[in-house]
Amino acid sequence: MDEVREYVKHAGILWQAGFREACCLHRVVFFCRRSRMLSIRTGQCFLLNGLIFLGSMYILNFVVMPTLWWILPDGCQNLSSKLPCWDGEPIKLYTFLRYILIELFYVLWFYPLYVFSLCLSTIWYNDIAKHAFSSMETSRTMELSKKQQSLHMEKSTGIDKVMFGISEQLYSLLLLSIFCFEVYATGLLPYVGNAIKFLLLSWMYAYYCFEYKWNFIELELVKRLDFFESNWAFFAGFGSPCVMGIFFFSPLLSYGVMAILFPLFVLTAIGSQAEKDIDSQRRSWGGGPGKLPIFYVANILATRLL
């Protein structure tokens, strides 16, 4: 029983440490002051995803839809629904017209804007991470902690390095795609589905945030997965603030909020000294929580698919 209590206590301390690291948003100001291009890219993310994307949703819900209900009224009171209202009678003409107009709004504006935002934001996130990493002091960016040095892979040269990097990226993409499907599937479970989904989402977004940093220091995929699973409590805490901001919204609204928050947490992850903090905690405990195979199912499926 004492061992269980110690395990839970240490896991809770690491979770709190990860949560605090994610909330160190003052690092965003630090990076933006040191890099003009990073400030521009961050501002562009806010402009596209905040003002344009979320602004369009606000206009739809609070301007377009009430206007349609005023121009094309009937007895249905559910203003937030896109679907036709049924009251035991045939669908009224006004209801059908409202439904068509709202669907056209989604098809001709929201869905193309979503795809455009997703593609462009992905490029901008990489630029933000690159400029943030280069803006850090040389002594800090190039200095790896003892943990990182033990995990850092030996660099190969020539075509071998290129092929290894490509295969590693493809495998990582497949692995994370399967993990995303796991997140979706767990959300369908009764009673405990949302709680498990929240935890898996926290891990997923934490991994995405730190992946930029690990790519820049050329940390091998196998080693980064091992480090992530060995410190699962810390990364669950780091991803929690990000998920809290999107978990209770609709899918499109969640994407818009996430597209704004994600670059902030990427900058926080790049500026963190997570490895040193975790090492110091584990040395003081003489160990700590053991490894949790978070990506076990995804790894098995990805291996079999390949």
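**Close-up 1. Packing of helix α3 against helix α4 in the predicted model.** Helix α3, which spans residues 36-71, packs with helix α4, residues 93-135, at an angle of about 165 degrees, and the axes of the two helices lie 9 Å apart. Because angles over 145 degrees count as roughly antiparallel, α3 is described as roughly antiparallel to α4. The crossing of α3 and α4 is left-handed, and the contact between these helices comprises 26 nonpolar, seven polar and three charged residues.

**Close-up 2. The largest pocket and its lining.** This pocket holds about 1,100 Å³ of space, and it is lined by 29 residues, of which M204, Y205, Y208, Y255 and M258 are the closest to its centre. Two or more lining residues come from each of α4, α7 (158-186), α8 (193-216) and α11 (251-270), with α8 giving the largest share, nine residues. Sorted by class, the lining of the largest pocket consists of 20 nonpolar, seven polar and two charged residues.

**Close-up 3. The second largest pocket and its lining.** The volume of the second largest pocket is about 250 Å³, and among the 14 residues that line it, Y171, L221, V222, L225 and N299 lie nearest its centre. The elements that give two or more residues to this lining are α7, α9 (221-230) and α13 (296-305), and the largest share, five residues, is provided by α9. In the lining of the second largest pocket, eight residues are nonpolar, one is polar and five are charged.

Conventions: Residues numbered from 1 in each chain as written. Predicted model: local features only at pLDDT ≥ 70, side-chain atom pairs only at ≥ 80, totals over all residues. Heavy atoms only, no water. Axes fitted to C-alpha atoms, helices over the stretch in contact; angles between N-to-C directions. Helix = DSSP H or I, 4+ residues; strand = E, 2+ residues; numbered from the N terminus. Parallel < 35°, antiparallel > 145°, perpendicular 65-115°, else oblique. Left-handed = near helix turned anticlockwise from the far one by under 90°. Nonpolar A, V, L, I, M, F, W, Y, C, P; charged D, E, K, R; others polar. 1 Å grid on protein atoms, 1.4 Å probe; cavity = no way out; pocket = protein on both sides within 12 Å on 5 of 7 lines; lining within 4 Å. Points joined across faces, edges and corners; volume = space filled by probe spheres on them.
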